[in-house]
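This briefing concerns the enclosed spaces, the ligand surroundings and the salt bridges of a single structure. Please read it alongside the sequence and the coordinates shown below.

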Amino acid sequence: MSQSDLPDIPQLFSSDGLLAQAFTGFIQRDEQLSMAQTIAQAIEQQQSVCIEAGTGTGKTFAYLVPALKSWQEHDKKIIVSTGTKNLQDQLFFRDLPNICQALSISPKTALLKGRNNYLCEYRLEQSLGSGRFQSRSMLDTLQRVKEWSSQTSSGDLTQCSDLGDNDPLWSYVTSTNENCLGGDCPLYDECYVAKARQKAIDADVVVVNHHLLLADMVLKEDGFGELLPDADLVMVDEAHQLADIAHSFYGRRFTSRQVMELCRDTELEAMTTAKDDRQLTVTTRRVEGAINEIRLLFGESGKKTNWNQIASPKLQKLLLELKAELKSLSNRLEMNASRSKGLDSCHRRAVDALQTLVLFDEQKDKPSQQESAVRWVETYRQGFAIIETPLDIAEAFEQSRNEQAAHTWLFTSATISQAGESEAQQNDFSHFKEKLGLHQAKELVLNSPFDYQKQALLHIPRGLPDPRDRQYIEKWQEQVLPIVQANPGGTFVLFTSYFAMHKVKDLWQQAGQEAGFDRQLLVQGEKPKNELIEDFREQGNAILLATSSFWEGVDVKGLALSCVIIDKLPFTAPDEPLIEAKIQHMRKSGKNPFFDLQIPEAIIALKQGAGRLIRDAQDKGVLVLCDPRLIANHYGKRFLQSLPPMPRTREQQVVINFLQNLSE
Ligand code: SF4
């Protein structure tokens, strides 16, 4: 590299360094500097490192700066992976360009999202040309997307205001691995997915999300060649989410959606290139019918059921019928495949779907498969998925990492460790590292620079029954209602179940009417998450009731979020098929699943939820943990020691006084 070297890391992060000169309010933080130095050393020594960085450490700067310095000085290519698309946008459009500007460097950067975010011109044209719409508004929306397509350069549909997050038209205007024609597509030269991927391949720094990172590591999609460039450094932010996402990539799934889309695409193709073969449409209808029969058998939506509990002669018969119908469709498509690229692609998809079903069937009785993997069925409103995933992905993930060019991997998050079982063992990374096979990775814990002793208060109410008690919800909500009413700011109530959330909503609505209590009660599901959080922020003293998806990624500063209430310790339901199978497997291998799996997972979730409270050095607030097991059971100590150190009280009046002082 001919460009000149940047100052060293301590100088860059110092109070008169380039970052301080560029960013108003930048202050030198020991934790941030320590993280940046550790990463610089890991890059130099080609090591991997796991870093837990408490809220307020400034971890994004701490990893981006040494990574960019290594690009500037040694031409290292970088992949940054985050948990969500929002974080991806924030990194790509805000942090990355700002830091590059501060350092006066200009690497080639690229933002790459999953293909389902980009407009597929081929499918848009095909959908418009079909003339088959369930309503006039569908056609209007498609036409507005068409107009938008003439103004966009990226094709990123998340920027198209005409297409809402849950609009059913997404699948009409985006592609999947299965239906994309790749190099055979007549619109390949204009293809946004191909362009975005080419840009990523040519870039020095690529910002992706975990799904895409894993897709590149595990699936190696066809049709477009490589997905991501060979990078020297992979920086995984929000790393606590990675293992759960990885499970789905190392498994296998058969979805009704994939088959229904195949049928729809076959019909669309047939309308233009195989009008004379009426049997094609007849066959797709029969496949759809077979899928609907199976969906009907699975019953209620929103359930996950272990295959062993659902398998029956009736299901076996319906699956056999589906296989026969898919075989007929595949044969019919084979006869027509030469008539268009689209029909040829549909033929391949039918063969793939059939093969997945056959594989599921062949593997179902193998003892080795039953020991090491779990199969279950998930039901949705209109469809279902049959999923099989390995119980342990550590070895597979390690192997995938070894196949990558990168020598340095960073795994960072505010929540990847927990307090050890003994007082002496302060932070334990073993659960996180074992899940991903990161045996050699170095460890570093950086506590939050916030003064939790002064900024926060932890309250564990007295006199609550065991959470399994039928009266538990009524009892804890009665205890915390005076706190909610006394809080001059906003209260965020995090639940471990929808049932409890709805029950408390009903009780508090009633209490509000009776007491003339005029706080706005916002409830998850009433609006999209971002809008609900925006309303909560704007109200300043609202009450927001929410479950798991709100335990992470909510950032509301100041009085608007001054009290976080958690209904009980967030143990994952042991009947969730993957957890249930892991528990059984651990028992068989002589391990204690409660201590080695359920507690560590619940600690990470609790730390995430608690992390919503103090968001900057000025923030103040109360964390209310409503679970008597924190005090009554010996493992409660591990939960409490894993939280930032804050004063504790069991007295409600102390909490009320603390909150009332906030508005002064
Ligand atoms: S190559 Fe694939 S994603 Fe691109 S326009 Fe064609 S079908 Fe759509």
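**Cavities, ligand and salt bridges**

The largest cavity has a volume of about 140 Å³, and the residues closest to its centre, out of the 18 that line this cavity, are C120, Y122, C180, C185 and C191. The model is a predicted one, and the ligand sits in this largest cavity. In total, the structure holds 5 cavities of 30 Å³ or more.

**Largest cavity and ligand**

- Two elements, α6 (121-130) and α9 (192-202), give two or more residues each to the lining of the largest cavity.
- By class, the lining of the largest cavity comprises 12 nonpolar, 3 polar and 3 charged residues.
- Around the ligand lie R115, C120, Y122, S175, C180, L181, G182, C185, Y188 and C191, and this shell divides into 7 nonpolar, 2 polar and 1 charged residues.
- C120, Y122, C180, C185 and C191, which are among the residues around the ligand, are also the lining residues closest to the centre of the largest cavity.

**Second largest cavity**

- The second largest cavity encloses about 100 Å³ of space, and of the 11 residues that line it, W307, L319, L357, F360 and D361 are the closest to its centre.
- Helices α15 and α16 are the elements that give two or more residues to this lining, with α15 supplying the largest share, 4 residues.
- The lining of the second largest cavity is made up of 6 nonpolar, 1 polar and 4 charged residues.

**Second largest pocket**

- The second largest pocket has a volume of about 590 Å³, and of its 23 lining residues, those closest to the centre are H431, E434, M586, K591 and D596.
- At least two residues of this pocket's lining come from each of α19, α24 (577-588) and α25 (593-610).
- Sorted by class, the lining of the second largest pocket contains 7 nonpolar, 7 polar and 9 charged residues.

**Salt bridges**

- A search of the whole structure finds 34 salt bridges, one of which joins the side chains of R339 and D276 with an N to O distance of 2.8 Å.
- The R339 and D276 pair links distant parts of the chain, 63 residues apart, with R339 in the loop between α15 (313-336) and α16 (341-363) and D276 in the loop between α12 (256-273) and α13 (278-298).
- R339 counts as partly exposed because its relative accessibility is 37%, whereas D276, at 56%, counts as exposed.
- K433 and E443 also meet through their side chains in a salt bridge, at 2.9 Å from N to O; K433 belongs to helix α19 (residues 430-436) and E443 to strand β11 (residues 442-446), 10 residues apart.
- With a relative accessibility of 10%, K433 falls under the 20% limit and therefore counts as buried, while E443, at 44%, counts as partly exposed.
- E534 forms a salt bridge with R537, with the closest N and O atoms 2.6 Å apart, and both residues lie in helix α23 (residues 529-539), 3 residues apart, which is about one turn of the helix.
- E534 is partly exposed, with a relative accessible area of 33%, and R537 is likewise partly exposed, with a relative accessible area of 33%.
- Elsewhere, K59, D237 and E238 are joined into one network by salt bridges that share partners.

Technical notes:
Residues numbered from 1 in each chain as written. Predicted model: local features only at pLDDT ≥ 70, side-chain atom pairs only at ≥ 80, totals over all residues. Heavy atoms only, no water. Salt bridge = Lys/Arg side-chain N within 4 Å of Asp/Glu carboxyl O. Buried < 20%, exposed > 50% of the residue type's maximum accessible area, 1.4 Å probe, protein only. Near = heavy atom within 4 Å. 1 Å grid on protein atoms, 1.4 Å probe; cavity = no way out; pocket = protein on both sides within 12 Å on 5 of 7 lines; lining within 4 Å. Sits in = over half its atoms within 2 Å of the grid points. Nonpolar A, V, L, I, M, F, W, Y, C, P; charged D, E, K, R; others polar. Points joined across faces, edges and corners; volume = space filled by probe spheres on them.
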